Amino acid sequence: MVEAEKNAVSDVEVNLTDDTTDESDSGNLGLIYEGSFASWRSHEFTASVSGDTITIHGSVSITYTPNCGDSPTSTHGKITPATCNEPHTITRSYSKTVELDDTSIDPSKVHFTIQPSKTHVTAGKSVDFNITITNDNNNELSGYYSVKISIPQPNGDYEWASYNDHVSVPAHKAKTLHVTTITYGSPGTSEYYGTFDFGVSSASDSGEVIVSSSGGGNDQPSGDLEIESVQLNPNSNIKDGDSVSFNVVVNNSYSSSKQVELELFIDGKEVDSASGSVGAGSEGSFMLHWLAQAGEHSYTVKLYSVNKGQKSEEDEESGSVSVSQVVDGLSAWLEVEPNAVKAGDNVTAFITVENLKDYKQTWPIQIVDSAGNVRWPHKSYQGLNYSISDGQLTIYAHKTARIMATIGPITQNTTLTLKIGGTPMAWAYVEVRSASGLEMDSVSCGDLFLQVDGTLDYKGTATCRVGFRNPTQNTASIDLSKSDVISVDFPMDHSNGAIDGKSSTIIYPKSTGNIYIKFTAWTTDFTAFARYWVYGYYSMPVTIKFRLGTLIGNDFTTQTYTVSSYVTVKTSSTVYVVVPADVASFVASGEALKGVIIAAEAGKRAKTAWEIFKIAQGFIRGILKKW
């Protein structure tokens, strides 16, 4: 994957030499515009192997001609600075030793897709971005995903947002992860692309979201066609052979009725469709159907507008569904919380077993981990519809057993398998996150001093310090350009905040460092401020969610953190009070018709909010008498 940043590049040629096989391949990417990207995949190389390992090595060179401006970058770092309009070549070497045993991964059985919740939106609307990684191998798969999304800006430019993290996927399973939610403020075409790197191999996907203007001219009525909701029936405990209904609600915000068509895809294959009309400014319901098959599945509902026989995709909604197989009249489901734990922690397993037969059944039941160790049951259970004794489940006719059990300690990544009568019935993957990343050890926030900003605004800036400890044996490098503040929850009008540049970028092994987050808060509410001035300060809670991009050893990860603390809101030595010139309007709505500023020394503050109001009221009456 090649990206041009801050300038365009032309005559881009890729040459690959694989020293493992003494073969080569090449390709031409032509012109890559500023802020855009292009991908190239070589043909497959086949090597003869003797022994248990193979070292794959070679080099890739890219020749390009940059336009005037800064040098372009690749997904692996800055390309060597280049002179304008002259050909330049950059070369990267690769080398990887692969163990050839029964834990090997076939790259052709790994699939990576990026799934925006909508592909056509109007400015001001949000789009959820998910990724799905499917592992059809016989062994667990681990790697790193990276997703980049371009966001149209009001001036016609684009800003890129980047997201990456580590993920593991059990054998013959698919994992769907929420990456981010983007709210588009300006029209344009939002490109997205991403890769999933595992070992020496990778899988990639790309696409675009069309963002149209929220307004429209006389010949272009404004509006949207959107999938409002998708409801499955049944929505849980689905069995092999069940008929599953997808009730889809479509919202039409146009001022005229629209002809639409919906299609249902299961694991990428279309299984049903429906069409009809949705009235102007109203909603319409459509029903899609699927005959469930045992296993873990992904589904996508796509919405199209139909005009004169031509279809145009408007929206889509994706999700996952788990279907239990039926063996001897029994079906079973397994859920685990949490599914990501620290090494040594326990998990809670929620086990559901349904007996479809007309008679009571007794079968051996157990949960085993990836190594074949029996993790449950180790005691007897007695429930309303079932009992478990000596590892034997007895469940009554046409009854459902719901069991909650504690399993642990969990020391490594594992797949828990629920077996009944020796037959695997359901699975749940548990990921162990060891001390491979930074750990928070403290948080504190400085005071927020309010100052008059104009006639009616009181504004201040607060800085929160988050202390981190590096528990690993490697130096941790924090990339602030790939770190950001996701949200700030503070009970005043406020900005989302940003990570301050004075934050630590290097934290040595077994040492500590600090991340500083700044945000601005303001208010125009006199009644609220009366509370602050009772004692000259007011303590307010703040919760901040942020993520850090960190390189530890050779592993780059993006991890999200949430911290909570208190900010002390203070006034300066001189208290500025904005009060309305009309006391009646103050009482009725708190909105000022005219404003005056009263200044009082800190030592002369009133003792209560009511006294402040009375002082303001008396001051106003004095002014009104003079008028």
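This report covers two buried residues and one open sheet in a predicted model.

## Basis

The model is predicted: local features need pLDDT of at least 70, side-chain atom pairs count only at pLDDT 80 or more, and totals for chains, interfaces and linings use all residues. Residues are numbered from 1 along each chain as its sequence is written, and side-chain values use heavy atoms, with hydrogens and water left out.

## Gly329

Gly329 sits in the loop between strands β24 (310-324) and β25 (330-337). Strands here are DSSP runs (E, at least two residues), numbered from the N terminus. Gly329 is buried, at 11% relative accessible area. Buried means under 20% (1.4 Å probe, protein chains only).

Beyond its neighbours within four places in sequence, Gly329 contacts Glu354, Asn355, Leu356, Lys357 and Gln361. Contact means heavy atoms within 4.5 Å. Glu354 is 25 residues away along the chain, yet the two C-alpha atoms are separated by 8.2 Å.

## Thr352

Thr352 belongs to strand β27 (residues 345-355). Thr352 is buried too, with a relative accessible area of 12%. Not counting residues up to four places away in sequence, its contacts include Asn237, Trp333 and Arg402. Ser331, Ala332, Thr400 and Ala401 are also touched by Thr352.

## Sheet β9-β11-β14

Three strands make an open sheet, in the order β9-β11-β14, with antiparallel pairing. Strands pair if DSSP finds at least two bridges between them. The edge strands, β9 (110-116) and β14 (173-183), each pair on one side only. From one strand to the next, the twist averages 15 degrees. Axes are lines fitted to C-alpha atoms, and angles run from 0 to 180 degrees between N-to-C directions.

Strand β11 (residues 126-135) is joined to β14 by 10 bridges. Ile133 stands opposite Lys175 in β14.

Conventions. Helices (H or I, at least four residues) and strands (E, at least two) are DSSP runs, numbered from the N terminus. Buried means under 20% relative accessible area, exposed over 50%, partly exposed in between (1.4 Å probe, protein chains only).
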